[in-house]
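Trainee: Please take me through one part of this model closely, and then set that part against the rest of the chain. I would like a connected account rather than a list.

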Amino acid sequence: MTKLISVNECDVQDAHSNLDQIELYSTKRAKLDNERDPKTGKLTRPWHFEVVPGFFKQDDEETDDATFDFIDEHFGLKLESWKDVIEKVKELNANAKKNEEYKLIFFARHGQGFHNMGVELVGLKDWDNYWSKKCGMTLEDGTKFTWGPDPKLSPLGRKQVSAVHEAVEAEIKRGMPLPTKFFSSPFTRSASTLVITWKDLLICKDGDKEAESKLLGERMHPLVKEDLRETIGLHMCDKRAKKSDFLKVFKQWGFTVEDGFPEEDIYHKDEWREPLSEQSLRADNFLQFLYENYPNDSTVYTASHAGEIRAFITALGHRQFTIPTAGLIPIVVKGTRAEE
């Protein structure tokens, strides 16, 4: 792996702690199987999801997530080629029952943010107990940096994502399927990661020559979803900015926000931290939205966070897997819709 990107103690904790929450999620999710919308009478969560194994090395128990090099390993490609991935997913969909659907989803984590720098400077224990509730710090040499609310990518973080951009370009040349839908967390660090990763490939800025900055024949417009945000509450780095401030930066890159997206962060709480079981329900809710509304998009890219990817992994029943800053994990997901 590029020396810019490596697993640290915090990454491992994000991926492997709170194992009791996995079973609790399953219990909570099962209770929602028969929940119906009081207005429409339809199931609120009709889809069930599972990992289709064999496509990527990350779902193999023999793969060591602490040392796995996702760039050198072609994002974990286990089959002979990306062409094989495309053909097999296409075949799965062609032979699927009418209530089944298969998608290749790229779950990308943002590059290093200033809050990640803070953790490395003070240590995980002091971060959790004190510094995470602050908005920044001043170093002994007088240098100040801020991580809350809504921290930006650090200089290292931008270099990390630029390395991923180069890796994406290389994998596209090797036949990697192009996402036809992009989704982003409402945090600057994730949206910036999406832009840097796909700039001049599928993402372009207002005024750019779109013919020179796209591969699919149309400009991509990432949709911002609250369900993709990092673990809610307590940590100031996980309080988002105002919608208007976010759009001042990212609207020019084609970003749009979901209906009902509030101006202020109405979800953050100073004295409460969202448990993994609840965050996994939120991840499941995003997947419900994705499979219900985008049946023809078999390759999708999401830009989010370590905790949120952990929530997706939990919701999908994938093995626990550590994702470093700027890392990503592709997963082929089968969705099965309950008959109503």
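Mentor: Let us begin with leucine 124, which counts as buried at 9% relative accessibility, where buried means under 20% relative accessible area, exposed over 50% and partly exposed in between, with a 1.4 Å probe and protein chains only. This is a predicted model, in which local features need pLDDT of at least 70 and side-chain atom pairs count only at pLDDT 80 or more, whereas totals for chains, interfaces and linings use all residues. Residues are numbered from 1 along each chain as its sequence is written, and side-chain values use heavy atoms, with hydrogens and water left out.

Leucine 124 belongs to helix α5, residues 124-129; helices are DSSP runs of H or I with at least four residues, strands are runs of E with at least two, and both are numbered from the N terminus. If residues up to four places away in sequence are not counted, leucine 124 touches Glu9, Cys10, Gln13 and Val119, a contact being heavy atoms within 4.5 Å. One of these partners, cysteine 10, is 114 residues from leucine 124 in sequence, yet the two C-alpha atoms are 6.6 Å apart in space. Separations of this kind can be set beside the chain-wide figure: among contacts between residues at least 6 apart in sequence, 79% join residues at least 24 apart.

The cores come next. The largest nonpolar core holds 72 residues, of which Phe75, Trp198, Phe255 and Leu290 touch the most other members; such a core is a set of buried Ala, Val, Leu, Ile, Met, Phe, Trp, Tyr and Cys residues joined through side-chain atoms within 4.5 Å. Apart from that one lies another core, of 9 residues, and Cys10, Val119, Phe145 and Trp147 are among them. Two of these names are already familiar, as Cys10 and Val119 are both touched by leucine 124. In soluble globular proteins, nonpolar side chains tend to be buried together.

For a view of the largest core, phenylalanine 255 is in contact with Ser184, Ala191, Leu194, Val195, Pro222, Val224, Phe246, Leu247 and Phe250, leaving aside its neighbours within four places in sequence. Threonine 197 lies in helix α7, residues 188-198, and is buried, with a relative accessible area of 3%. With neighbours within four places again left aside, threonine 197 contacts Val161, Val164, His165, Val168 and Tyr301.

The backbone also has places worth inspecting. Most residues other than glycine have a negative phi, and most peptide bonds are trans. Histidine 74, which is not a glycine, has a positive phi of about 55°; it sits in the loop between β1 (47-51) and α3 (82-94) and is partly exposed, at 28% relative accessible area. Alanine 326 also has a positive phi, of about 75°, and lies in the loop between α10 (306-316) and β9 (328-337), but alanine 326 is buried, at 3%. The peptide bond from glycine 148 to proline 149 is cis, with omega near -10°, and proline 149 is found in the loop between β4 (144-146) and α6 (155-173).

Finally, to place these parts in the whole, the protein chain has 10 helices and 9 strands. Buried residues make up 53% of its 340 residues, and its C-alpha trace spans about 65 × 45 × 45 Å along the principal axes.
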